[in-house]
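Student: I've got a protein model open and I'm not sure how to read it. Could you walk me through a few features?

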Amino acid sequence: MIWQQPWAWLGAAAIALPVLIHLLGVGRAPRHRFPSLRFIADTRLSPTRRTQLHDPLLLLLRAAILLCAVAALAQPLMNTTSREAAFAGTLARVIVVDTSVSVQGAMARAGWPADSTRDLAASMVAEAGAGIVLETANPSDAIDGALHWLGLQPQRRELVALSDFQRGAIDAHGLRMVPAEVGITLLRVGAAPDEVTRTDTRTFGDRQVTASARLSSVENSLRTDVTWQTEGAASESSNATALVQILSDSAEAAVMRAVIQSAATMSASPSGVARDNTVARRVLLVIASYPDRGALLARAQPLRDAWMTGMVRAIRSHPLLGDAAAEVRDETRLRGAPSAVAPDSAITLLHDASGRALVHAAAAVDGDQQQLLLFVEPFVPHRLLAVLLVSVREALTTIGPDGSTSAALTALQEQESAVLPDSALAAWQRTPSDAPQPVSAATGTTDAPSDGRWLWLLALGLLAVESVVRKRVSSVVAETAS
């Protein structure tokens with residue numbers, strides 16, 4: 001059984017009203033006839049309080065009437081066999097179509113027509129009872145809107161993604177928001193490249209390195225051959241380094257320097273990516289051992305600025321960060337105790353494989369400077385902290401003040417040749433639930449009629465019985481009084 005409006009059960013507290021009425025009701029004392037009152041002394045009437053329930057049958061009937069009315073308002077829905085069979089025959093489907101450049105290349109390698117994904121999406125919508133198609137270059141950003149639409153549908157629900165599943169296009173963090181009763185189908189389109197050759201020059205810390213990489217497929221496995229060439233000190237340094245600060249205990253200063261040096265060997269400054277210094281912004285990585293962490297928590301505000309939400313989106317989609325978060329274990333700890341962040345002032349930026357929160361993001365203002373606060377939990381290992389620092393620096397150099405990603409970075413991300421393995425996609429998929437589910441409160445109704453109408457009929461019948469019993473009790477009291 002499903003209760004479509006479970007909050008109506010709060011009205012069950014009204015059952016106390018008949019009990020109070022019976023306890024506070026004015027009782028009538030019985031009258032006795034005497035031949036003479038001369039031998040009875042005058043006395044003053046003393047206040048009395050009723051301590052026992054009278055007319056229990058009448059009380060039970062009134063309580064039952066209220067209980068039936070509350071249950072009817074909760075709109076019960078019985079999962080009968082016929083109803084489940086009818087529900088299983090309907091389906092609401094949202095299809096997210098990846099329109100990025102990498103998908104177009106994957107379809108070209110497989111010899112697919114340019115509109116093949118649109119045709120496939122249209123056929124899948126036609127198979128479902130209701131459906132919509134969302135075309136986007138970033139499938140992760142479309143999940144929230146897809147879930148909102150699915151939450152308004154009374155049928156079975158399914159989320160479908162058509163993509164080449166390039167690393168960073170979609171991840172377990174985005175799919176974790178999908179309710180358990182909603183099915184997930186991930187269909188790979190096109191074909192992965194057999195061989196990719198690329199030469200690029202990047203800035204790593206204080207070095208400028210030219211890398212020539214060749215990715216090839218050998219016996220159903222990927223092989224990467226890389227040739228590195230160092231050309232001395234970099235001609236320029238990333239201004240993102242000065243915009244990121246790690247706040248920790250002084251005892252961990254040496255450890256944090258090692259983390260920064262490790263991040264410098266991984267962090268790359270892509271050539272051709274525009275950097276913006278017009279917005280006074282800074283990112284603070286707050287370690288659990290930082291003495292003033294509590295004060296920063298008190299200053300934390302919800303994310304409101306566009307560049308902050310753009311930063312969060314870019315950090316979450318970093319291809320290295322998800323893999324590093326999945327390797328977090330309980331035995332790896334930093335000093336300090338975890339500090340809870342109020343859910344209305346921060347969002348969870350990063351989870352581990354078990355769904356445990358690793359990093360929270362919030363906002364703060366210090367004078368004219370806007371600050372993005374990243375609160376790191378104490379069990380986050382140093383290697384993940386280094387990767388987090390890399391993702392923050394790269395996001396700062398590529399996210400504009402309006403939260404948009406620069407075209408140069410988008411082009412670089414589309415050159416990512418690695419794709420998610422089929423085993424990961426299979427682990428994330430599931431079929432939609434066949435049991436009827438309550439829909440969002442925004443609709444308030446389902447296709448199946450509520451079974452509460454039978455409870456309303458029962459309440460009316462009990463009301464008729466209560467009326468008969470009440471009249472009979474009143475007549476007995478009147479006869480006793482006379």
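Tutor: Let's go through helices, strands, a cavity and a few single residues.

Tutor: First, the ground rules. This is a predicted model, where local features need pLDDT of at least 70 and side-chain atom pairs count only at pLDDT 80 or more, while totals for chains, interfaces and linings use all residues. Residues are numbered from 1 along each chain as its sequence is written, and side-chain values use heavy atoms, with hydrogens and water left out.

Student: What counts as a helix or a strand here?

Tutor: Both are DSSP runs numbered from the N terminus: a helix is H or I with at least four residues, and a strand is E with at least two. For a helix you can also work out an expected span, which is 1.5 Å times one less than its number of residues.

Student: How far apart are the end C-alpha atoms of H2, and what should its 18 residues span?

Tutor: The 18 residues of H2 should span 26 Å at 1.5 Å a residue, and the end C-alpha atoms are 26 Å apart, so the two agree. Try helix H13 (residues 382-398) too: its 17 residues should span 24 Å, and its ends are 25 Å apart, which agrees.

Student: How do I tell what is buried?

Tutor: Use relative accessible area: buried is under 20%, exposed is over 50%, and partly exposed is in between (1.4 Å probe, protein chains only). In H13, 14 of the 17 residues are buried, which leaves this helix mostly covered. In H2 the buried residues include Leu 58, Leu 59, Ile 65 and Cys 68. Just after H2 comes Gln 75, with a positive phi near 55°.

Student: Is Asp 55 buried, exposed or partly exposed?

Tutor: Asp 55 has a relative accessible area of 35%, so it counts as partly exposed. You'll find Asp 55 in the loop between helix H1 (16-24) and helix H2 (56-73). Its C-alpha atom is separated by 9.2 Å from that of Arg 470, which is 415 residues away along the chain. Now look at Met 107 in helix H4 (residues 101-110). Met 107 has 5% relative accessibility, so it counts as buried. Met 107 and Ala 191 are 6.5 Å apart, C-alpha to C-alpha, with their positions 84 residues apart in sequence.

Student: How do strands make a sheet?

Tutor: Strands of a sheet pair through backbone hydrogen bonds, either parallel or antiparallel. Here, two strands count as paired if DSSP finds at least two bridges between them. One open sheet has five strands in the order S10-S12-S15-S14-S13, with mixed pairing. Strands S10 (244-247) and S13 (347-351) stand at the edges with a single partner strand each, so one side of each has no neighbour in the sheet. From one strand to the next, the twist averages 25° (axes are lines fitted to C-alpha atoms, for helices over the stretch in contact, and angles run from 0 to 180 degrees between N-to-C directions).

Student: Which pairs in that sheet are parallel or antiparallel?

Tutor: S10 and S12 pair in the parallel sense over four bridges, with Leu 247 opposite Val 286. S12 also runs parallel to strand S15 (residues 369-376), with six bridges, and there Val 283 faces Leu 372. S13 and strand S14 (residues 357-366) are antiparallel, joined by four bridges, and Thr 348 stands opposite His 360.

Student: What about S3, with how many buried residues?

Tutor: Strand S3 (residues 91-98) has eight of its eight residues buried. Both faces are covered: Leu 91 and Arg 93 are among the buried residues on one side, Ala 92 and Asp 98 among those on the other. S3 runs parallel to S5 with seven bridges, and Val 94 has Leu 159 as its bridge partner. Seven bridges also join S3 to strand S4 (residues 130-136), again in parallel.

Student: And how do I look for empty space?

Tutor: Rolling a probe the size of a water molecule over the atoms shows where empty space is left. On a 1 Å grid over the protein atoms alone, a cavity is a set of points where a 1.4 Å probe fits but cannot get out, and lining residues have an atom within 4 Å of a point. Grid points are joined across faces, edges and corners, and a volume is the space filled by probe spheres set on the points. A search of the whole structure finds one cavity of 30 Å³ or more, and the largest cavity holds about 60 Å³ of space.

Student: Which residues line the largest cavity?

Tutor: Among them are Val 96, Pro 139, Leu 159 and Thr 185. Strands S5 (156-163) and S6 (183-188) each supply at least two residues of the lining.

Definitions and conventions:
1 Å grid on protein atoms, 1.4 Å probe; cavity = no way out; pocket = protein on both sides within 12 Å on 5 of 7 lines; lining within 4 Å.
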